[in-house]
Amino acid sequence: MSNFYNPSQNEERWVSQWEKDVPIHDSKSKGKPFSIVIPPPNVTGSLHIGHSLNYTLQDVFTRWARLKGCSTRWIPGSDHAGIATQAVLEKKLESEGSSKSELGKEAFLKRAWEWKDECRDVIFQQFKKLGITPYWPGERFTMDEQCNKAVKKAFVELYKKDVIFKGNRLVNWDCQLQTAVSDIEVDREDRNGFIWTLEYKTNDGKSIKIATTRPETIFADSAIAVNPNDERFKSYLDNGVNAFIPLVDVEIPIIADDSVDMDFGEGALKVTPAHDHLDFEIGERHDLPIVTILGKDGKLSSHERVPNELHGLNVVAARRKAVEMLENSGSLVDAKKHKSAIGISQRSGSVIEPMLSEQWFLNMKVFKGRALELLKDGSPSFYPERWGGVYGDWWSKVENWCISRQLWWGHQIPAWYPKGDKSKDPIVSENIEEECLSKNHDSKQFVQDEDVLDTWFSSALWPLECFGWPEDDPKENGFFPTSLLITGYDIIFFWVLKMVLMSLAFEDKTPFKEVLIHGLVCDKKGRKMSKSKGNTIDPLEAMDEYGADSLRFALLFNMVPAEVIPFGNDQLVSGQRFMNKIWNAANYINSLEPKNSDFVFYDRSDHWIAQKFNETVASVDKSLEGKDVRKAMQSIHHFFWNEFCDWYLEIAKSRSNNGDLQVASNAKAIMEKFLVISSPFVPFICEDVNLLINNDESLVATRSWPTELEGIDMKESEGFQDIYDSVKSYRKSISILGLSVEEIKEVVIDGSWNQGQEDAFLNILRLKKSGTENGFPIEMAIGKVMIPNIDSSVLSERVDELKRNAEDAEPRIKRLEGQLQNKGFINNAPKDKVQLIRDRLREAQQERDELVKRAAWIQKFSE
RNA sequence: GGGGGGAUAGCUCAGCUGGAUAGAGCGCCUGUCUUACAAACAGGAGGUCGGGGGUUCAAGUCCCUCUCUCCCCA
């Protein structure tokens, strides 16, 4: 028998047994449906600690629902993660000295599928190590056939309803990956740079000064804009003066626009519609021509307006060169240091350029009203509540979502153009052959749009896809809408909103009833974990070292409802200690050789522990209903450690020494029930302990949630609570005297104690009844004991302590008295509150008097 | 610049619709190898609830304001 729990010995065994037996239990069950869809991890690498938290949480709720008799369905899967995967793969190719253009599209996609398979296998291996129990046969991949059907169907339907449309607009362009990205895939970063003041000559022989941070784009200027209220420029506007772009002498108008900030720079700005979002809007208002001088590769093109020296230079080099040329020509007036926010691609880390291009868009605003209306009715309801507000805010400011991407890896857009003519309206169809047949076209004359859809387009359909849409009605088995979504706050907009959008579009329902939002697992100082900082915790290593349960416990026990969840080895160690505590307790119960596991009330401690257990089950249920996993975990921890082990098992020692055979069976009965309520959280050790104490093959995971233990006599339970309190106050008194509990071997029982109380008290403290009659008295809830042969020199400290306690009670008494003298309180407060205060005052006074009396008594005793 | 969260014990957080001596885990201090567990047990210290003002008989809790912090958006 080992004193240490070795978690690794059986982990694999339980994983395979759960996989084998638990789904059968699932489908057999005719209970209330409970469903979850997994936030599918990207097939870009291995899982991190944040995934561990997310999946553990889902497992907790799924296992809990299952034990409570629900028919559960938790769908696992993975996400093709278009841009992320392609970026990873391109980097990999680069390190092999190859590239995607060298490989060609077909071979590249083949590589991508191979990569996906590899990744998926690794990820699923890691899933399983955590001991999670999704419905494995239901696994989906966002690019599998089922999902592809769903994507095509959704696209075509939404296109028909004009929710999806094509447009030539400014989008965020990733020059490295050469694709459009959506607004939220762009991070803002403040970078040090310059703001240059340039002088543009005007056609009335004067000039106008403008300020810009991007002098390399002056060649794409369409106008100079000033505020209409700005007196400085009134004459320019009144006289219709035009300006000339320096270096190239292209003539552009000076226009008035309200959006120009008079206080910024020189009060005038150059308008470059093709390369700035704000300028694009100004351009639209004034119908300005759009001049594009940047290529898709982020380099200056050989547009006729661009000086030869700048052709083919990237933005940074072009800027340097342009400044030099402007300086030489005398157009540069001033250069100041300036911090400006620039867009950085989340995926490639390169600078994002606003770029005019033809893209597909989805008008999210169509669903805004309905989504907000449903949110008001609590659909979905968010935990913690405040995230509902954030979600609502996101909805209220939704815009068009650019859904096309110039990538290879993804769902290709189901739009077909007549060969060689992309300017015509496309045929949008799920099946081009059928479509052409019906219209008497030759399908060979059409080519599919090269672009693919944003990853989140297919992820948005995930809850529908997981339950068979569009072929099957997802509502059929009652699993849709799903019961609960568990995800990180960072993808509320990316994902949660978009799933709601699709479900509103096709089912007019939100796809989940409740949403549990959790924070990011960070290091113990609250910093984001990142490989470059070296502060990551690899879940696989953590599980190898501490066991999967310790990891699960550590994550759950510390899951604060904040944005940042601090996490470190300390948490894992405390998880490990708890597992060890459970293991040792189980071993001890075994050593008592229980004859069965029937719980029979025999001693008052039985009533007490049964009551504590019932309270714990109720607390776990209530906490999980409120999605407070941490509280549930704490209830379990507190019950087991501080009530079951510290008290019940301690008492079991003396009870069994005294020939009580029932206590072992009772301890085992409680332990077995405890295993069931703990199994959603720490499933491995529950199976291990069950095997240890029962030598039984049946799984804890397939049992039923315990019902209340019945037949508790509250008087007995409270009687034990008195003993509990008395032991505590005895220990405290001894400690105040500066003695140790161990050095006192016998006490005098003073007065008439009930026999059971006397036995329990003496046994718990390992004391004997003394033959003498005198001693130092200690008063407790159940009566008085006297400690014989005590050195009277230690007593003065005890007297001081009592006096101090009595004094400490005074301010409180004064306050209560004051409150009762306050007419406002007596007249306005509810009667029961007033009575409460009266009772409290009486108690406080009694307590104080008792302390004073005792102090006097001891003082007399010591003389 | 706009919006939101937060400020309670050394740390991380609870504290419901105002009403007890403000709680938990971890950490810290003291004592103990007591027959499951020293990865344990027993005991203990530690908070003017960010500052100021207001509403109320009564404020950690409601309102205003200031300071500091985190997040999101532009």
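## The loop between helix 19 and helix 20

K627 sits in the loop between helix 19 and helix 20. The model is a predicted one. K627 is not a glycine, yet its phi is positive, at about 60°. K627 has a relative accessible area of 9%, so it counts as buried.

Helix 19 spans residues 604-625, and N614 is part of it. N614 is buried because its relative accessibility is 9%, and buried means under 20%. Which residues does N614 touch, once neighbours within four places in sequence are set aside? The contacts are E708, L709 and I712.

## A second positive phi

D287 also has a positive phi without being a glycine. The angle is about 55°. D287 belongs to the loop between helix 8 (277-286) and helix 9 (315-329). Is D287 buried or exposed? D287 has a relative accessible area of 70%, so it counts as exposed. The cut-off for exposed is over 50%.

## The surface near RNA strand B

There are 43 residues around RNA strand B. Those that come nearest are W641, R766, R812, R815 and N822. By class, this surface has 19 charged, 14 nonpolar and 10 polar residues. On the RNA side, sugar or phosphate accounts for 62% of the strand B atoms within 4 Å of the protein. Bases account for the rest.

Some polar side-chain atoms can be placed against particular parts of the strand. For R840, such an atom lies 2.7 Å from a sugar or linking oxygen of RNA strand B. For R577, the distance to a sugar or linking oxygen of the strand is 3.4 Å. D646 has a polar side-chain atom 3.2 Å from a phosphate oxygen of RNA strand B. Several helices give two or more residues to this surface. They are helix 11 (386-396), helix 18 (569-591), helix 20 (629-657), helix 23 (714-736), helix 25 (795-821), helix 26 (823-828) and helix 27 (831-862).

## Cavities

How many cavities of 30 Å³ or more does a search of the whole structure find? The search finds three. The second largest cavity holds about 50 Å³ of space.

Its lining is made up of L47, H51, S52, Y55, Q126, L130, P539, L540 and M543. At least two of the lining residues come from helix 2 (49-67), and at least two from helix 16 (539-546). By class, six lining residues of the second largest cavity are nonpolar and three are polar. None is charged.

## The loop before helix 16

I537 lies in the loop that runs between strand 24 (520-522) and helix 16. I537 is buried because its relative accessibility is 16%, and the limit for buried is under 20%.

In sequence, I537 and I49 are 488 residues apart. In space, their C-alpha atoms are 6.7 Å apart. I49 is also one of the contacts of I537, leaving aside neighbours within four places in sequence. The other contacts on that list are M529, A542, F567, G568 and N569.

## Two cis peptide bonds

Where is P470 found? P470 is in the loop between helix 14 (462-466) and strand 22 (482-488). A cis peptide bond joins W469 to P470, with omega at about 5°.

P481 has its place in the loop between helix 14 and strand 22. F480 and P481 are joined by a cis peptide bond. Omega for that bond is about -5°.

## The loop between strands 13 and 14

Q346 is found in the loop between strand 13 (332-345) and strand 14 (352-363). Q346 counts as partly exposed because its relative accessibility is 32%. That value falls between the cut-offs of under 20% for buried and over 50% for exposed.

How far apart in sequence and in space are Q346 and V181? They are 165 residues apart in sequence. Their C-alpha atoms are 9.4 Å apart in space.

Methods. Residues numbered from 1 in each chain as written. Chains lettered and ligands numbered in written order. Predicted model: local features only at pLDDT ≥ 70, side-chain atom pairs only at ≥ 80, totals over all residues. Heavy atoms only, no water. Near = heavy atom within 4 Å. Polar contact = N/O pair within 3.5 Å; in protein donor to acceptor, adjacent residues only side chain to side chain. Helix = DSSP H or I, 4+ residues; strand = E, 2+ residues; numbered from the N terminus. Nonpolar A, V, L, I, M, F, W, Y, C, P; charged D, E, K, R; others polar. Buried < 20%, exposed > 50% of the residue type's maximum accessible area, 1.4 Å probe, protein only. Contact = heavy atoms within 4.5 Å. 1 Å grid on protein atoms, 1.4 Å probe; cavity = no way out; pocket = protein on both sides within 12 Å on 5 of 7 lines; lining within 4 Å. Points joined across faces, edges and corners; volume = space filled by probe spheres on them.
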